[in-house]
Amino acid sequence: MARPRDPDRRAELLDGVLEYLAGNGLSTLSMRPLAEHLGHSTRVLTHHFADKRALLGAVLARLDERQRERLRALPGWDGERPMGEIVRAAWDWQLAAENLPFTRLVHEIEGLAAGGRLHGQVTRLLADRVEFVAASFRARGVPAEAAVRYATVQNAAFAGLQIDFLNTGDRDRAEEGIAWLAAQADRWIEEARRDRAAR
């Protein structure tokens, strides 16, 4: 009879896998070198994850969960601070030297997904990310439909500015872009509040 899976051990393994991927990338992921890095046999990995695809799905979910936890922990995330300040704080956190490997990993994952190499595993996570940011707009008084529209544009612009900076190294230009995007988020919210007050 198979040994029951320990959820805490599984979470610990996933965090170890994320550390490995942040340093080595995802495109060449192989179970054996990964297991060796973690100090285990591949059997330990397959006990918790049926195969490489299952491991990848769990890793993507864990990475997304960790990012959301950190964003929710930003002071004022729930609506007490202007959205522009949240955008700026998220940018600074994701591009801090200690977090940069994970930010690069996120963009590698998105690129592989766009190239059809992750078999649709990222589609749901990206859709959920829009809803996550839309909830923050709604907490600031933006109607649901507009909140989804704003979150879609904001997520795409935020990611695009990060990719631009990571590819070109032109931080000043990227910083100007993020300053505009942060101000635009506040303008969207102000516009939504005016529209609501006018009704």
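Angles of 65 to 115 degrees between two axes count as roughly perpendicular. With that in hand, let us walk through this predicted model, starting with a pair of helices. The axes of α6 (residues 100–114) and α8 (residues 144–168) cross at roughly 110° and come within 11 Å, so these two helices are roughly perpendicular to each other. The crossing of α6 past α8 is left-handed. On the α6 side, Leu100, Thr103, Arg104 and His107 make the contact, and they meet Ala159, Gln162, Ile163 and Leu166 of α8. By class, this contact of α6 with α8 holds four nonpolar residues, three polar and one charged.

Now turn to another pair. Helix α1 (residues 7–24) and helix α4 (residues 52–72) have axes that come within 10 Å and cross at roughly 85°, and therefore α1 and α4 are also roughly perpendicular to each other. Among the residues making this contact are Leu14, Leu18 and Leu21 of α1, together with Leu55, Val59 and Leu63 of α4. Here the classes are eight nonpolar and five charged residues, with no polar ones.

Next, look inside. In soluble globular proteins, nonpolar side chains tend to be buried together. The largest nonpolar core has 33 residues, and those touching the most other members are Met83, Val87, Trp91, Phe137, Val142, Phe158 and Ile178. Helices α5 (83–94), α7 (123–138), α8 and α9 (171–198) each supply at least two residues of this core. Phe137 is a good place to pause: leaving aside residues up to four places away in sequence, its contacts include Met83, Val142, Tyr150, Trp188 and Ile189. Apart from this core lies another, of 28 residues, including Tyr20, Ala35, Val106 and Leu112.

Conventions. Residues are numbered from 1 along each chain as its sequence is written. This is a predicted model: local features need pLDDT of at least 70, side-chain atom pairs count only at pLDDT 80 or more; totals for chains, interfaces and linings use all residues. Side-chain values use heavy atoms; hydrogens and water are left out. Axes are lines fitted to C-alpha atoms, for helices over the stretch in contact, and angles run from 0 to 180 degrees between N-to-C directions. Helices (H or I, at least four residues) and strands (E, at least two) are DSSP runs, numbered from the N terminus. Angles under 35 degrees count as roughly parallel, over 145 as roughly antiparallel, 65 to 115 as roughly perpendicular and the rest as oblique. Contact means heavy atoms within 4.5 Å. Ala, Val, Leu, Ile, Met, Phe, Trp, Tyr, Cys and Pro count as nonpolar, Asp, Glu, Lys and Arg as charged, and the others, Gly among them, as polar. A crossing is left-handed if the near helix is turned anticlockwise from the far one by less than a right angle, and right-handed if clockwise. A nonpolar core is a set of buried Ala, Val, Leu, Ile, Met, Phe, Trp, Tyr and Cys residues joined through side-chain atoms within 4.5 Å. Buried means under 20% relative accessible area, exposed over 50%, partly exposed in between (1.4 Å probe, protein chains only).
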